[in-house]
2 protein chains.
Amino acid sequence: MTDKASVDIKREDFKFINDALVDVFDRILRIEESELRKSQFKDVTINELHLVHAITLHEHKTTTAVANELHLSKGSLTSSVNTLVRRGYVMRIRNQQDRRVINLGLTSKGRLLYRAHDAFHSQLVKSFLNGMDEDDLPLVKKAFVNLRNFLDEAARD
Amino acid sequence: MTDKASVDIKREDFKFINDALVDVFDRILRIEESELRKSQFKDVTINELHLVHAITLHEHKTTTAVANELHLSKGSLTSSVNTLVRRGYVMRIRNQQDRRVINLGLTSKGRLLYRAHDAFHSQLVKSFLNGMDEDDLPLVKKAFVNLRNFLDEAARD
DNA sequence: ATAAAATAGTTTGAAATTCAAACTAAATTA
DNA sequence: TAATTTAGTTTGAATTTCAAACTATTTTAT
(Lines give C-alpha, C1' and ligand atoms only; values in the text may rest on other atoms or scores of the structure.)
Protein backbone atom coordinates (compact mmCIF):
# COMPACT_ATOMS: atom_id res chain seq x y z
CA MET A 1 0.00 0.00 0.00
CA THR A 2 1.27 3.48 -0.89
CA ASP A 3 1.40 6.49 1.39
CA LYS A 4 -1.58 8.78 0.71
CA ALA A 5 0.11 11.89 2.09
CA SER A 6 2.68 11.98 -0.68
CA VAL A 7 2.76 12.24 -4.45
CA ASP A 8 2.54 9.10 -6.46
CA ILE A 9 6.09 9.15 -7.77
CA LYS A 10 6.87 7.30 -10.94
CA ARG A 11 9.43 4.61 -10.45
CA GLU A 12 11.86 6.27 -12.83
CA ASP A 13 11.46 9.63 -11.10
CA PHE A 14 12.14 8.03 -7.76
CA LYS A 15 15.25 6.48 -9.16
CA PHE A 16 16.33 9.75 -10.71
CA ILE A 17 16.07 11.71 -7.46
CA ASN A 18 17.53 8.94 -5.35
CA ASP A 19 20.52 8.38 -7.61
CA ALA A 20 21.05 12.13 -7.87
CA LEU A 21 21.11 12.51 -4.09
CA VAL A 22 23.52 9.64 -3.58
CA ASP A 23 25.76 10.61 -6.48
CA VAL A 24 25.85 14.30 -5.61
CA PHE A 25 26.85 13.72 -2.02
CA ASP A 26 29.55 11.34 -2.97
CA ARG A 27 31.00 13.58 -5.63
CA ILE A 28 30.94 16.77 -3.61
CA LEU A 29 33.22 15.11 -1.10
CA ARG A 30 35.49 13.76 -3.79
CA ILE A 31 35.74 17.08 -5.61
CA GLU A 32 36.42 18.95 -2.39
CA GLU A 33 39.21 16.49 -1.75
CA SER A 34 40.75 16.86 -5.19
CA GLU A 35 40.39 20.67 -5.19
CA LEU A 36 42.32 20.65 -1.93
CA ARG A 37 45.07 18.53 -3.47
CA LYS A 38 45.50 21.02 -6.30
CA SER A 39 45.30 24.10 -4.09
CA GLN A 40 47.83 25.75 -1.82
CA PHE A 41 46.29 23.71 1.02
CA LYS A 42 47.68 20.30 0.11
CA ASP A 43 48.48 19.46 3.72
CA VAL A 44 44.80 19.48 4.73
CA THR A 45 42.49 16.47 4.48
CA ILE A 46 38.79 16.70 3.79
CA ASN A 47 37.96 16.01 7.44
CA GLU A 48 40.35 18.69 8.56
CA LEU A 49 38.69 21.08 6.13
CA HIS A 50 35.34 20.36 7.73
CA LEU A 51 36.89 20.97 11.12
CA VAL A 52 38.10 24.36 9.91
CA HIS A 53 34.59 25.02 8.66
CA ALA A 54 33.08 24.02 12.01
CA ILE A 55 35.44 26.33 13.90
CA THR A 56 34.07 29.20 11.77
CA LEU A 57 35.70 32.55 11.09
CA HIS A 58 35.18 34.37 14.36
CA GLU A 59 33.01 32.48 16.85
CA HIS A 60 35.78 31.05 19.01
CA LYS A 61 33.78 28.00 20.07
CA THR A 62 35.01 25.69 22.79
CA THR A 63 36.68 22.39 21.99
CA THR A 64 33.76 20.46 23.45
CA ALA A 65 31.22 22.43 21.38
CA VAL A 66 33.08 21.66 18.17
CA ALA A 67 33.50 18.00 19.13
CA ASN A 68 29.76 17.67 19.72
CA GLU A 69 28.95 19.43 16.48
CA LEU A 70 31.13 17.02 14.51
CA HIS A 71 30.06 14.02 16.61
CA LEU A 72 33.67 13.31 17.52
CA SER A 73 35.07 12.39 20.91
CA LYS A 74 37.04 15.08 22.72
CA GLY A 75 40.14 12.94 22.35
CA SER A 76 39.79 12.73 18.58
CA LEU A 77 39.26 16.45 18.37
CA THR A 78 42.35 17.20 20.44
CA SER A 79 44.36 15.12 18.03
CA SER A 80 43.09 16.77 14.83
CA VAL A 81 43.34 20.22 16.39
CA ASN A 82 46.97 19.41 17.18
CA THR A 83 47.63 18.70 13.51
CA LEU A 84 45.92 21.90 12.36
CA VAL A 85 47.75 23.99 14.96
CA ARG A 86 51.05 22.43 13.88
CA ARG A 87 50.29 23.28 10.24
CA GLY A 88 49.27 26.84 11.09
CA TYR A 89 45.51 26.82 10.42
CA VAL A 90 44.08 26.83 13.94
CA MET A 91 44.82 28.63 17.21
CA ARG A 92 44.02 27.57 20.75
CA ILE A 93 42.90 30.50 22.89
CA ARG A 94 42.92 29.93 26.62
CA ASN A 95 39.71 31.34 28.07
CA GLN A 96 40.53 33.85 30.82
CA GLN A 97 37.09 33.74 32.46
CA ASP A 98 37.27 29.96 32.87
CA ARG A 99 40.79 28.70 32.55
CA ARG A 100 39.74 25.09 31.97
CA VAL A 101 38.31 26.12 28.62
CA ILE A 102 40.11 26.36 25.29
CA ASN A 103 38.45 28.40 22.58
CA LEU A 104 39.31 27.53 19.00
CA GLY A 105 40.04 30.12 16.36
CA LEU A 106 41.40 30.26 12.82
CA THR A 107 44.71 31.85 11.91
CA SER A 108 44.80 34.06 8.83
CA LYS A 109 45.86 31.00 6.84
CA GLY A 110 42.90 29.13 8.32
CA ARG A 111 40.54 31.93 7.35
CA LEU A 112 41.92 31.85 3.82
CA LEU A 113 41.11 28.14 3.62
CA TYR A 114 37.67 28.73 5.12
CA ARG A 115 36.88 31.33 2.47
CA ALA A 116 38.14 29.16 -0.38
CA HIS A 117 35.87 26.36 0.79
CA ASP A 118 32.98 28.78 1.13
CA ALA A 119 33.53 29.96 -2.43
CA PHE A 120 33.25 26.40 -3.70
CA HIS A 121 29.96 26.00 -1.87
CA SER A 122 28.69 29.27 -3.32
CA GLN A 123 29.35 27.99 -6.81
CA LEU A 124 27.62 24.75 -5.93
CA VAL A 125 24.46 26.46 -4.79
CA LYS A 126 24.58 28.89 -7.69
CA SER A 127 24.73 25.99 -10.12
CA PHE A 128 21.91 24.27 -8.30
CA LEU A 129 19.66 27.28 -8.88
CA ASN A 130 20.96 28.04 -12.34
CA GLY A 131 18.25 29.11 -14.77
CA MET A 132 15.55 29.36 -12.13
CA ASP A 133 13.75 32.52 -11.36
CA GLU A 134 12.45 33.97 -8.11
CA ASP A 135 9.15 32.15 -8.39
CA ASP A 136 10.80 28.76 -8.51
CA LEU A 137 12.73 29.15 -5.31
CA PRO A 138 9.89 28.43 -2.88
CA LEU A 139 9.42 24.99 -4.38
CA VAL A 140 13.08 24.06 -4.04
CA LYS A 141 13.11 25.37 -0.50
CA LYS A 142 9.98 23.36 0.24
CA ALA A 143 11.69 20.18 -0.92
CA PHE A 144 14.49 20.75 1.55
CA VAL A 145 12.16 21.66 4.38
CA ASN A 146 10.32 18.39 3.69
CA LEU A 147 13.52 16.43 3.70
CA ARG A 148 14.72 17.99 6.94
CA ASN A 149 11.38 17.36 8.60
CA PHE A 150 11.60 13.75 7.56
CA LEU A 151 15.13 13.54 8.96
CA ASP A 152 13.94 15.10 12.24
CA GLU A 153 11.28 12.40 12.42
CA ALA A 154 13.70 9.66 11.54
CA ALA A 155 16.23 10.83 14.09
CA ARG A 156 13.55 10.92 16.80
CA ASP A 157 12.55 7.27 16.79
CA MET B 1 30.82 41.16 -10.03
CA THR B 2 28.04 38.58 -10.12
CA ASP B 3 27.60 35.77 -12.61
CA LYS B 4 25.11 36.79 -15.29
CA ALA B 5 24.24 33.24 -16.27
CA SER B 6 22.57 32.50 -12.95
CA VAL B 7 19.80 33.89 -10.79
CA ASP B 8 20.63 36.67 -8.45
CA ILE B 9 20.21 34.69 -5.26
CA LYS B 10 19.46 36.55 -2.08
CA ARG B 11 22.12 36.03 0.55
CA GLU B 12 19.63 34.40 2.91
CA ASP B 13 18.41 32.04 0.20
CA PHE B 14 21.94 31.03 -0.60
CA LYS B 15 22.55 30.32 3.05
CA PHE B 16 19.32 28.37 3.29
CA ILE B 17 20.16 26.05 0.40
CA ASN B 18 23.79 25.68 1.37
CA ASP B 19 23.05 24.87 5.00
CA ALA B 20 20.31 22.48 3.91
CA LEU B 21 22.66 20.60 1.60
CA VAL B 22 25.38 20.31 4.23
CA ASP B 23 23.01 19.43 7.03
CA VAL B 24 21.02 16.90 5.02
CA PHE B 25 24.08 14.99 3.88
CA ASP B 26 25.48 14.84 7.34
CA ARG B 27 22.25 13.69 8.91
CA ILE B 28 21.41 11.05 6.33
CA LEU B 29 24.65 9.30 7.20
CA ARG B 30 24.05 9.62 10.90
CA ILE B 31 20.50 8.34 10.68
CA GLU B 32 21.51 5.43 8.48
CA GLU B 33 24.08 4.58 11.12
CA SER B 34 21.63 4.74 14.00
CA GLU B 35 18.92 2.83 12.09
CA LEU B 36 21.48 0.09 11.56
CA ARG B 37 22.27 0.02 15.28
CA LYS B 38 18.62 -0.52 16.13
CA SER B 39 17.97 -3.04 13.37
CA GLN B 40 18.73 -6.73 13.09
CA PHE B 41 21.94 -5.70 11.27
CA LYS B 42 23.90 -4.38 14.23
CA ASP B 43 27.12 -6.00 13.08
CA VAL B 44 27.29 -3.84 9.93
CA THR B 45 28.91 -0.40 9.78
CA ILE B 46 27.74 2.37 7.52
CA ASN B 47 30.66 1.81 5.15
CA GLU B 48 29.90 -1.88 4.99
CA LEU B 49 26.28 -1.02 4.20
CA HIS B 50 27.44 1.08 1.29
CA LEU B 51 29.59 -1.78 0.13
CA VAL B 52 26.56 -4.07 0.20
CA HIS B 53 24.71 -1.43 -1.79
CA ALA B 54 27.56 -1.21 -4.33
CA ILE B 55 27.59 -4.97 -4.80
CA THR B 56 23.89 -4.73 -5.77
CA LEU B 57 21.31 -7.49 -5.70
CA HIS B 58 22.26 -9.52 -8.73
CA GLU B 59 25.02 -7.99 -10.86
CA HIS B 60 27.94 -10.06 -9.56
CA LYS B 61 30.52 -7.34 -10.22
CA THR B 62 34.21 -8.07 -9.94
CA THR B 63 36.20 -7.06 -6.88
CA THR B 64 38.16 -4.50 -8.88
CA ALA B 65 34.98 -2.94 -10.32
CA VAL B 66 33.51 -2.47 -6.85
CA ALA B 67 36.80 -1.10 -5.50
CA ASN B 68 36.93 1.49 -8.29
CA GLU B 69 33.31 2.44 -7.74
CA LEU B 70 33.92 3.08 -4.07
CA HIS B 71 37.34 4.64 -4.71
CA LEU B 72 38.98 2.12 -2.41
CA SER B 73 42.20 0.20 -3.00
CA LYS B 74 41.88 -3.47 -3.84
CA GLY B 75 43.54 -4.30 -0.54
CA SER B 76 40.99 -2.33 1.45
CA LEU B 77 38.18 -3.98 -0.42
CA THR B 78 39.53 -7.46 0.21
CA SER B 79 39.57 -6.69 3.88
CA SER B 80 36.00 -5.37 4.12
CA VAL B 81 34.72 -8.17 1.90
CA ASN B 82 36.37 -10.61 4.32
CA THR B 83 34.37 -9.12 7.18
CA LEU B 84 31.09 -9.23 5.27
CA VAL B 85 31.72 -12.80 4.15
CA ARG B 86 32.50 -13.81 7.73
CA ARG B 87 29.25 -12.19 8.92
CA GLY B 88 27.20 -13.84 6.18
CA TYR B 89 26.22 -10.90 3.97
CA VAL B 90 28.48 -11.39 0.96
CA MET B 91 29.64 -14.32 -1.20
CA ARG B 92 32.74 -14.65 -3.33
CA ILE B 93 32.04 -16.41 -6.61
CA ARG B 94 35.05 -17.69 -8.51
CA ASN B 95 34.65 -16.81 -12.17
CA GLN B 96 34.95 -19.95 -14.30
CA GLN B 97 35.69 -18.11 -17.54
CA ASP B 98 38.66 -16.30 -16.01
CA ARG B 99 39.83 -17.96 -12.86
CA ARG B 100 41.78 -14.92 -11.66
CA VAL B 101 38.49 -13.09 -11.18
CA ILE B 102 36.24 -13.11 -8.12
CA ASN B 103 32.67 -11.95 -8.60
CA LEU B 104 30.88 -10.56 -5.58
CA GLY B 105 27.32 -11.41 -4.66
CA LEU B 106 24.93 -10.96 -1.75
CA THR B 107 23.65 -13.81 0.37
CA SER B 108 19.96 -13.81 1.24
CA LYS B 109 20.87 -12.00 4.46
CA GLY B 110 22.80 -9.48 2.37
CA ARG B 111 19.82 -8.99 0.09
CA LEU B 112 17.60 -8.41 3.11
CA LEU B 113 19.94 -5.66 4.27
CA TYR B 114 20.07 -4.20 0.76
CA ARG B 115 16.30 -3.98 0.62
CA ALA B 116 16.01 -2.44 4.08
CA HIS B 117 18.45 0.25 3.05
CA ASP B 118 16.57 0.79 -0.17
CA ALA B 119 13.35 1.24 1.76
CA PHE B 120 14.93 3.98 3.83
CA HIS B 121 16.00 5.77 0.66
CA SER B 122 12.49 5.44 -0.75
CA GLN B 123 11.08 7.17 2.28
CA LEU B 124 13.72 9.85 1.95
CA VAL B 125 12.82 10.63 -1.63
CA LYS B 126 9.14 10.41 -0.89
CA SER B 127 9.51 12.98 1.86
CA PHE B 128 11.57 15.18 -0.42
CA LEU B 129 8.72 15.31 -2.92
CA ASN B 130 5.98 15.45 -0.33
CA GLY B 131 3.12 17.79 -1.26
CA MET B 132 4.38 18.41 -4.76
CA ASP B 133 2.40 17.57 -7.83
CA GLU B 134 3.44 16.27 -11.23
CA ASP B 135 4.05 19.77 -12.59
CA ASP B 136 6.63 20.56 -9.91
CA LEU B 137 8.84 17.61 -10.61
CA PRO B 138 10.63 18.99 -13.69
CA LEU B 139 11.95 21.93 -11.69
CA VAL B 140 13.37 19.73 -8.96
CA LYS B 141 14.91 17.46 -11.54
CA LYS B 142 16.37 20.46 -13.29
CA ALA B 143 18.07 21.57 -10.07
CA PHE B 144 19.78 18.21 -9.80
CA VAL B 145 20.75 18.15 -13.45
CA ASN B 146 22.33 21.58 -12.93
CA LEU B 147 24.17 20.42 -9.89
CA ARG B 148 25.49 17.32 -11.59
CA ASN B 149 26.61 19.31 -14.60
CA PHE B 150 28.46 21.62 -12.29
CA LEU B 151 30.09 18.67 -10.56
CA ASP B 152 31.09 17.22 -13.94
CA GLU B 153 32.76 20.54 -14.76
CA ALA B 154 34.42 20.76 -11.38
CA ALA B 155 35.73 17.22 -11.60
CA ARG B 156 37.15 17.88 -15.06
CA ASP B 157 39.59 20.65 -14.17
C1' DA C 1 54.64 -24.18 -27.81
C1' DT C 2 56.59 -21.67 -24.33
C1' DA C 3 58.64 -17.79 -22.11
C1' DA C 4 57.59 -13.08 -20.72
C1' DA C 5 54.38 -9.74 -19.52
C1' DA C 6 50.09 -8.37 -17.75
C1' DT C 7 46.10 -8.82 -14.75
C1' DA C 8 42.98 -10.06 -10.52
C1' DG C 9 42.98 -10.54 -6.08
C1' DT C 10 45.35 -11.32 -1.39
C1' DT C 11 48.79 -10.49 2.08
C1' DT C 12 51.78 -7.60 4.64
C1' DG C 13 53.36 -3.76 7.30
C1' DA C 14 52.83 0.95 8.26
C1' DA C 15 50.23 5.27 8.92
C1' DA C 16 46.06 7.64 10.21
C1' DT C 17 41.71 7.98 12.65
C1' DT C 18 38.92 6.99 16.18
C1' DC C 19 37.29 5.81 20.87
C1' DA C 20 36.86 5.03 25.93
C1' DA C 21 39.08 5.47 30.09
C1' DA C 22 42.51 7.45 32.96
C1' DC C 23 44.45 11.66 33.99
C1' DT C 24 45.44 16.92 35.06
C1' DA C 25 44.01 21.42 36.09
C1' DA C 26 40.53 24.51 37.24
C1' DA C 27 35.90 25.79 38.91
C1' DT C 28 31.84 24.90 41.58
C1' DT C 29 29.27 23.02 45.45
C1' DA C 30 28.53 21.30 49.94
C1' DT D 1 38.09 23.94 52.60
C1' DA D 2 37.19 19.40 51.07
C1' DA D 3 34.59 16.89 47.62
C1' DT D 4 32.63 16.95 43.23
C1' DT D 5 32.21 18.34 38.65
C1' DT D 6 33.89 19.99 34.32
C1' DA D 7 37.20 20.95 30.17
C1' DG D 8 40.61 19.26 27.80
C1' DT D 9 44.73 16.00 27.11
C1' DT D 10 47.02 11.64 27.18
C1' DT D 11 47.17 6.77 26.60
C1' DG D 12 46.51 2.32 24.54
C1' DA D 13 43.76 -0.40 21.61
C1' DA D 14 40.84 -1.24 17.56
C1' DT D 15 39.72 -0.15 12.85
C1' DT D 16 40.46 1.54 8.34
C1' DT D 17 43.20 2.57 4.81
C1' DC D 18 47.07 2.37 1.53
C1' DA D 19 51.09 0.96 -1.35
C1' DA D 20 54.02 -2.64 -2.39
C1' DA D 21 55.12 -7.38 -2.56
C1' DC D 22 53.19 -11.65 -3.64
C1' DT D 23 50.37 -15.74 -5.88
C1' DA D 24 47.67 -17.61 -9.40
C1' DT D 25 46.00 -17.20 -13.82
C1' DT D 26 45.61 -15.42 -18.51
C1' DT D 27 47.37 -13.02 -22.54
C1' DT D 28 51.01 -11.71 -25.68
C1' DA D 29 55.22 -12.23 -28.14
C1' DT D 30 58.65 -14.98 -29.92
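This briefing covers the nonpolar cores, the aromatic pairs and the surface near DNA strand C. The model is predicted. Its largest nonpolar core has 46 residues. Around DNA strand C there are 21 residues. Aromatic pairs number 9 over all chains.

**Nonpolar cores**

- In the 46-residue core, A:Phe128, A:Phe144, B:Phe128 and B:Phe144 touch the most other members.
- Both chains supply this core: α1 (11-38), α5 (108-128) and α6 (137-156) of chain A, and α1 (11-38), α5 (108-128) and α6 (137-156) of chain B, each give at least two residues.
- A second, separate core has 22 residues, including A:Val44, A:Ala54, A:Ile55 and A:Val90.
- B:Phe128 touches A:Ile17, A:Ala143, A:Phe144, A:Asn146 and A:Leu147 in chain A, leaving aside residues up to four places away in sequence.
- With that exclusion, B:Phe128 also touches B:Val140 and B:Phe144 in chain B.
- In soluble globular proteins, nonpolar side chains tend to be buried together.

**Aromatic pairs**

- A:Phe128, A:Phe144, B:Phe128 and B:Phe144 form one aromatic cluster.
- The structure's 9 aromatic pairs include A:Phe120 with B:Phe150, whose ring centres are 6.2 Å apart.
- The planes of A:Phe120 and B:Phe150 meet at 40°, so this pair is tilted.
- This pair crosses between chains, with A:Phe120 in helix α5 of chain A and B:Phe150 in helix α6 of chain B.
- Both A:Phe120 and B:Phe150 are buried.
- A:Phe150 and B:Phe120 also form a tilted pair, at 6.2 Å centre to centre and 40° between the planes.
- A:Phe150 sits in helix α6 of chain A and B:Phe120 in helix α5 of chain B, so this pair joins two chains.
- A:Phe150 is buried, at 13% relative accessible area.
- B:Phe120 is buried too, at 9% relative accessibility.

**Surface near DNA strand C**

- Of the 21 residues surrounding DNA strand C, the closest are A:Ser76, B:Thr64, B:Lys74, B:Thr78 and B:Arg92.
- Sugar and phosphate make up 75% of the DNA strand C atoms that come within 4 Å of the protein.
- A:Ser76 has a polar side-chain atom 2.6 Å from a phosphate oxygen of the strand.
- B:Arg92 places a polar side-chain atom 2.8 Å from a phosphate oxygen.
- B:Thr63 uses a backbone N or O atom, 3.3 Å from a phosphate oxygen.
- α4 (74-86) of chain A, and α3 (63-69) and α4 (74-86) of chain B, each supply at least two residues of this surface.
- α4(B) gives the most, with 3 residues.
- By class, this surface has 12 polar, 6 charged and 3 nonpolar residues.

Methods
Residues are numbered from 1 along each chain as its sequence is written. Chains are lettered from A and ligands numbered from 1 in the order in which they are written. This is a predicted model: local features need pLDDT of at least 70, side-chain atom pairs count only at pLDDT 80 or more; totals for chains, interfaces and linings use all residues. Side-chain values use heavy atoms; hydrogens and water are left out. A nonpolar core is a set of buried Ala, Val, Leu, Ile, Met, Phe, Trp, Tyr and Cys residues joined through side-chain atoms within 4.5 Å. Buried means under 20% relative accessible area, exposed over 50%, partly exposed in between (1.4 Å probe, protein chains only). Helices (H or I, at least four residues) and strands (E, at least two) are DSSP runs, numbered from the N terminus. Contact means heavy atoms within 4.5 Å. A residue is near a molecule or strand if one of its heavy atoms lies within 4 Å of it. A polar contact is a pair of N or O atoms within 3.5 Å; within protein, one must be able to donate a hydrogen and the other to accept it, and residues adjacent in sequence count only if both atoms are side-chain atoms. Ala, Val, Leu, Ile, Met, Phe, Trp, Tyr, Cys and Pro count as nonpolar, Asp, Glu, Lys and Arg as charged, and the others, Gly among them, as polar. Rings of Phe, Tyr and Trp (its six-membered ring) pair if their centres lie within 6.5 Å; planes under 30 degrees apart count as stacked, over 60 as edge-to-face and the rest as tilted.
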